[in-house]
Every structure is written in C-alpha cells, then in structure tokens.
Amino acid sequence: MTALARHSAALAQRSLIKTIRTPEALIDVTIQPVIFLLLFTYLFGGAIADGDRHAYLQFLLPGMLAQSLAMGGVALGQNLNADIEKGVFDRFRSLPISRSAPLVGAVFADVIRYLTVCLVMLGFGTIMGFRVETGVVPAIAAVALSIGFGLCFCWISVWVGMLARTSGAVQGIMFLLVLPLTFGSNVFVPADTLPGWLQAFVDVNPITPLVGAIRGLLVEGPVAGDLVRTLAWMAGLLIVFVPLALRAYARRA
C-alpha cells in the first residue's frame with residue numbers, strides 16, 4: 001500500500017503538470033459552470049421562483065455544483081483513453097510500479113479540478129448574490145462532500161475510458177449518462193413538482209441525495225438522511241466501478 005501511494009502520487013503529479021501546461025483543459029470546470037449558472041438563473045429564474053431570481057439562485061447553486069462535479073469527471077476518462085492511444089500506458093507497464101497506480105494517480109489529480117469547480121461556483125455565485133446561510137464549517141463540509149462524491153463518481157468515467165475506442169466516444173457515452181442523471185433530479189426544480197413516474201426515477205438517482213445534502217449544508221434544511229444516502233452511493237460506486245475499471249485497464253493496456 002505504501003508503494004501504491006507513492007507511485008500514485010508521482011503519477012498524480014504528472015497529471016497536474018499536464019494541466020498546468022494546458023490551462024484550456026480547465027474550461028469545463030471554470031467557464032462552463034459560470035455560463036450554466038448565469039443561463040439558468042436569469043433565463044428560468046423569473047419563471048420558476050415566482051419572479052424572485054435571488055431565491056432561485058439560492059435553490060439552484062447547490063444543484064449546479066453537483067451537476068458541474070458530475071460533468072467535470074468526463075475529462076478524466078477522455079485523458080486516460082488518449083494516453084492509451086498514444087502509447088503512454090505501454091511505458092507505464094514497463095516500469096516497476098503497481099498496475100493500478102496510473103488510474104489511481106489520475107483520479108487523485110482530479111481533486112484539483114473538483115476544488116476548482118467548488119471555488120468558482122461559490123465565488124461567482126457570491127458575486128451574483130448567493131449567500132451561505134449556515135456558516136463556514138457547514139460550507140467546508142459541503143465542499144468536502146462534493147469533492148468526495150466527485151472522486152467516487154469519476155470511476156465511471158475511468159471505466160468508460162478503458163472500454164471506449166476513442167476519447168470522443170468517451171465524451172459521448174458519459175454525457176448520455178450524466179445529462180439524464182442531472183436533469184432528472186432535484187437540481188433545477190423541487191422533486192415534488194415532477195410527474196409521478198419521473199419522481200420515481202429522481203428518488204433512486206444518486207445526484208438527488210447529493211444535492212439535498214449540499215443544499216442543507218449551504219442554505220439550511222435537513223441533512224442527515226441525504227448525507228447517509230450520499231455516502232452509501234459513494235461506497236457503492238467504488239465497490240462496483242473500481243474493480244471494473246481495473247479489469248478493463250488490464251485488458252486494454
């Protein structure tokens with residue numbers, strides 16, 4: 001485990017260096033969330049929240065944070081797929097390192113991307129008028145929960161990246177998964193306003209308890225139930241998709 005941690009840290013550093021040298025790769029966690037927040041707040045806020053855009057911003061931002069985290073993990077699978085196609089992973093296989101280190105290191109490096117999403121959303125949201133109503137400690141807990149869920153959810157992208165033939169296919173497959181999960185949840189509207197058949201999907205959607213927990217931690221409300229469900233989903237994602245990703249990596253690389 002010590003060797004795995006050391007090797008993963010070295011490969012995480014490699015991923016961070018790549019990100020620093022290509023800052024345009026952070027568009028999906030910097031500019032894109034801001035555009036979505038502006039778009040939904042000012043385009044739909046007046047119609048959804050009885051004309052009170054500030055009230056809708058208070059409701060929307062925690063949900064948009066969860067959506068941005070789910071979308072932010074798409075790039076991880078694309079990058080890993082591109083590395084395999086370029087032969088980078090052939091070099092990794094010739095090194096005396098753990099077989100899983102390249103995947104674990106890439107996932108750990110994504111902490112910076114998720115932290116960037118949280119800071120951008122909360123910072124720009126504050127400029128727009130969003131206010132944290134619970135205090136500093138709950139806000140930090142919300143950020144930590146968001147990043148933790150992102151690290152678990154991104155293993156789906158890693159698995160898809162090992163299976164897909166091209167990086168473009170990874171993006172297409174992941175968006176087919178992420179968009180229904182984020183729009184078919186309580187991100188944009190309360191779940192009780194949706195049709196019954198859609199509420200049934202929302203209730204089993206992993207994004208729903210995450211959004212509920214983040215809302216409770218940022219703007220007050222019940223937290224315990226949604227937090228337990230979110231932690232259960234995080235554990236389930238790791239249990240299912242980490243072995244699948246490692247097995248697909250062994251076959252592909």
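User: Which helices do the buried residues of α2 pack against?
Analyst: In this predicted model, local features need pLDDT of at least 70 and side-chain atom pairs count only at pLDDT 80 or more, whereas totals for chains, interfaces and linings use all residues. Residues are numbered from 1 along each chain as its sequence is written, and side-chain values use heavy atoms, with hydrogens and water left out. Helices are DSSP runs of H or I with at least four residues, numbered from the N terminus, and contact means heavy atoms within 4.5 Å. The buried residues of α2 pack against α3 (53-72), α6 (101-128) and α8 (167-183).

User: Which residues of α2 are buried?
Analyst: Buried means under 20% relative accessible area, with a 1.4 Å probe and protein chains only. By that cut-off, the buried residues in α2 are Pro33, Val34, Leu37, Phe40, Thr41 and Gly45.

User: How far apart are the end C-alpha atoms of helix α2?
Analyst: The expected span of a helix is 1.5 Å times one less than its number of residues. For the 18 residues of α2 (residues 31-48) this gives 26 Å, which agrees with the distance between the end C-alpha atoms, 24 Å.

User: Where is the kink in α2 centred?
Analyst: The bend at a residue is the angle between axes fitted to the seven residues ending there and the seven starting there. In α2 the kink is about 30°, and its centre is Tyr42.

User: How many helices are there in the protein?
Analyst: Strands, which would be DSSP runs of E with at least two residues, number 0 in the protein. The count of helices is 11.

Note on methods
Buried means under 20% relative accessible area, exposed over 50%, partly exposed in between (1.4 Å probe, protein chains only).
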